Amino acid sequence: MKILIVDDEPVARQRIERALLQLSEGHQIRQAGNAKEALAAIGVEVPERWARADPVRAGAPGVPVLVVHPTDDETVPVARSREYAAATGCELVETVGNHRDPIDPSSAAWAAAARWLGPAR
């Protein structure tokens with residue numbers, strides 16, 4: 001089954017979200033070459049849009065960005081963050097830890113982000 005998305009209507013967004021959840025790992029979009037190929041493989045086709053979903057192709061975001069990536073992440077390889085930082089000029093901090101460490105307040109990844117953000121005001 002293929003799903004053709006033409007507009008940004010709510011039903012289309014729900015279908016895209018469900019399709020994205022079917023990907024076993026988010027970085028498969030980049031490994032497939034582009035998002036269009038990755039999602040076409042699971043039955044979702046969105047003509048001429050998926051290249052825009054690639055953050056590397058989108059370029060620098062225009063605001064300061066810190067990318068924190070634990071080096072023992074087995075879900076998303078640290079190479080993805082290295083590629084993004086190199087392509088956009090964003091700051092990259094690699095820390096010890098695993099995939100979920102950036103959302104764990106007791107982790108080195110969390111501490112790195114907190115230092116970068118500075119003291120609470």
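These legends walk through several close-up views of one predicted protein model. Residues are numbered from 1 along each chain as its sequence is written, and side-chain values use heavy atoms, with hydrogens and water left out. Because the model is predicted, local features need pLDDT of at least 70 and side-chain atom pairs count only at pLDDT 80 or more, while totals for chains, interfaces and linings use all residues.

**View 1. The whole protein, with six helices and four strands.** Helices (H or I, at least four residues) and strands (E, at least two) are DSSP runs, numbered from the N terminus. Follow the chain along its sequence and you get the pattern β-α-α-α-β-α-β-α-β-α. Of the 121 residues, 31% are buried; that word means under 20% relative accessible area, with exposed being over 50% and partly exposed in between (1.4 Å probe, protein chains only). The accessible surface adds up to about 7900 Å², and 54% of that belongs to carbon and sulfur atoms. Areas like these come from the Shrake-Rupley method with a 1.4 Å probe, and for residues only the protein chains shown count as cover.

**View 2. How confident the predictor is, from strand β1 to strand β4.** Confidence here is pLDDT, given for each residue from 0 to 100. The protein's mean is 75, and 55% of its residues reach 70 or more. Strand β1 (residues 3–4) has the lowest confidence, at a mean of 46, whereas β4 has the highest, at 96. Over residues 1–7, pLDDT stays under 50, and the model has 20 contacts there beyond four places in sequence. A contact just means heavy atoms within 4.5 Å. Residues 22–27 also stay under 50, with 12 such contacts. Where pLDDT is low, the predicted coordinates should not be read in detail.

**View 3. Helix α5 and its buried face.** In α5 (residues 78–88), you'll find V78, S81, Y84, A85 and T88 buried. Look down the helix axis and these buried residues fall within an arc of 120 degrees, so they line one face of α5. (The arc is that of the directions from the helix axis to the C-beta atoms.) That buried set packs against α4 (55–58), β3 (66–70) and β4. After the helix comes G89, with a positive phi near 80 degrees.

**View 4. A salt bridge within helix α5, between E83 and R80.** A salt bridge is a side-chain nitrogen of Lys or Arg within 4 Å of a carboxyl oxygen of Asp or Glu, and the structure holds two of them. In this one, the closest N and O atoms of E83 and R80 are 3.7 Å apart. The two residues sit three apart in α5, so about one helical turn separates them. E83 is partly exposed at 28% relative accessibility, and R80 is partly exposed too, at 23%.

**View 5. A salt bridge from strand to helix, between E94 and R82.** Here the closest N and O atoms are 2.7 Å apart. This pair links distant parts of the chain, with E94 in strand β4 and R82 in helix α5, 12 residues apart. E94 is partly exposed at 35% relative accessibility, and R82 is partly exposed at 40%.

**View 6. T95, a buried residue in strand β4.** Strand β4 covers residues 91–95, and T95 has a relative accessible area of 9%. Which residues does T95 touch, not counting those up to four places away in sequence? They are V68, H69, P70, T71, A108, A109 and A112.
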